Amino acid sequence: NIVEGDKYTVSDIKLAGEAVVPRTELEKLVELKPGEAFSREKLNNSTKKITDRLGNEGYAFANANAVPEVNRDARTVSFTILVDPGRRVYVRRINVVGNTRTRDEVVRREMRQLEGAFYDAAKLQLSKRRIDRTTYFGEVDIETPPVPGSTDQVDVNVRVKEKPTGALLVGLGFSNVEKVTLTGQISQANFLGSGNNVSAAFNT
């Protein structure tokens, strides 16, 4: 049994709290607009975009909570999004885990987040995409656990799962001119875990 209840319209939406990013910039991230029908999806997307934007400035533990004020008679609801950036966070160490064959430097050279720098969510996402594009790993996950005993530091754990990167091709052909031809090729996209591509081929 489903009871839909009444449909509510957004009467107003505003931001409050500490503004470490220009308020006009955060307002552009709010998908829910006054005069529209209330949408939980748009509201959740709005608060997520705000926390992600603060994360790009180093505020890894930022919160954006929407507080509603309901008018049941007029069937309207207004929201105040309380923005709490928290402390600005630094990255203490970047740890690479799961690379049994690939050297650490192959993963680290794709990282755009640096040790000792402010935490930057956008750079971490870019780093993950760059590691994915090497094609050396089947899975890439990035975790940012807080450093025990510290309120403004996190570690970055890059967990990778390696996959086979070699290929062996053999071909056999026949023609009236050349009679029998034999071809072969062996290639390794991550030779000895160095990130270098090596291949050899023969044709007779």
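The points below go through a predicted model, taking a sheet, a hairpin, two pockets and two single residues in turn.

1. The sheet. Three strands form an open sheet in the order E4-E6-E5, and the pairing within this sheet is mixed. Strand E4, covering 90–97, and strand E5, covering 137–143, are the edge strands, each of them pairing on one side only. Averaged over the sheet and with direction ignored, neighbouring strands are turned by 15 degrees against each other. As background for a reader new to such folds, the strands of a sheet pair through backbone hydrogen bonds, in either a parallel or an antiparallel sense.

2. The pairing of E5 with E6, and the helix across them. Strand E6, made up of residues 153–162, pairs with E5 in the antiparallel sense, and 6 bridges support this pairing. One position that can be found by eye is Glu139, which stands opposite Lys161 in E6. Helix H4, residues 121–133, lies across both E5 and E6, and the direction of this helix makes an angle of about 165 degrees with E5.

3. The hairpin of E2 and E3. Strand E2 (residues 63–71) and strand E3 (residues 76–84) run antiparallel and are joined by 9 bridges. Asn71 stands opposite Thr76 in E3. The hairpin has 4 residues between the strands, and in this hairpin Arg75 takes a positive phi near 55 degrees.

4. The largest pocket. Its volume is about 200 Å³, and its lining consists of Lys7, Tyr8, Ala37, Phe38, Arg40, Leu43, Ala66, Pro68, Val70, Arg72, Val77 and Phe79. Helix H2 (40–55), E2 and E3 are the elements that give two or more residues to this lining, and the largest share, 3 residues, comes from E2. By residue class, the lining of the largest pocket divides into 9 nonpolar and 3 charged residues, with no polar ones.

5. The second largest pocket. Here the volume is about 170 Å³, and the residues that line the pocket are Tyr119, Ala121, Leu124, Gln125, Lys128, Arg129, Asp132, Ile142 and Thr144. Helix H4, already met as the helix lying across E5 and E6, gives the largest share of this lining, namely 6 residues. The lining of the second largest pocket divides into 4 nonpolar, 2 polar and 3 charged residues.

6. Gly193. This residue sits in the loop between strand E8 (179–188) and strand E9 (198–203). Is Gly193 buried or exposed? Gly193 counts as buried because its relative accessibility is 0%, and the cut-off for that class is under 20%. When residues up to four places away in sequence are not counted, Gly193 touches Arg101, Thr102, Arg103 and Val106. The C-alpha atom of Gly193 is separated by 8.8 Å from that of Thr100, although the two residues are 93 residues apart along the chain.

7. Lys123. This lysine lies in helix H4, and its relative accessible area is 40%, so Lys123 is classed as partly exposed, a class that falls between the limits of 20% and 50%. Which residues is Lys123 in contact with, once its neighbours within four places in sequence are left aside? They are Arg112 and Gln113. For Gln113, the separation from Lys123 is 10 residues in sequence and 5.5 Å in space, taken from C-alpha to C-alpha.

Conventions. Residues are numbered from 1 along each chain as its sequence is written. This is a predicted model: local features need pLDDT of at least 70, side-chain atom pairs count only at pLDDT 80 or more; totals for chains, interfaces and linings use all residues. Side-chain values use heavy atoms; hydrogens and water are left out. Two strands pair if DSSP finds at least two bridges between them. Axes are lines fitted to C-alpha atoms, for helices over the stretch in contact, and angles run from 0 to 180 degrees between N-to-C directions. Contact means heavy atoms within 4.5 Å. On a 1 Å grid over the protein atoms alone, a cavity is a set of points where a 1.4 Å probe fits but cannot get out, and a pocket is an open set with protein on both sides within 12 Å along at least five of seven lines; lining residues have an atom within 4 Å of a point. Grid points are joined across faces, edges and corners, and a volume is the space filled by probe spheres set on the points. Ala, Val, Leu, Ile, Met, Phe, Trp, Tyr, Cys and Pro count as nonpolar, Asp, Glu, Lys and Arg as charged, and the others, Gly among them, as polar. Buried means under 20% relative accessible area, exposed over 50%, partly exposed in between (1.4 Å probe, protein chains only).
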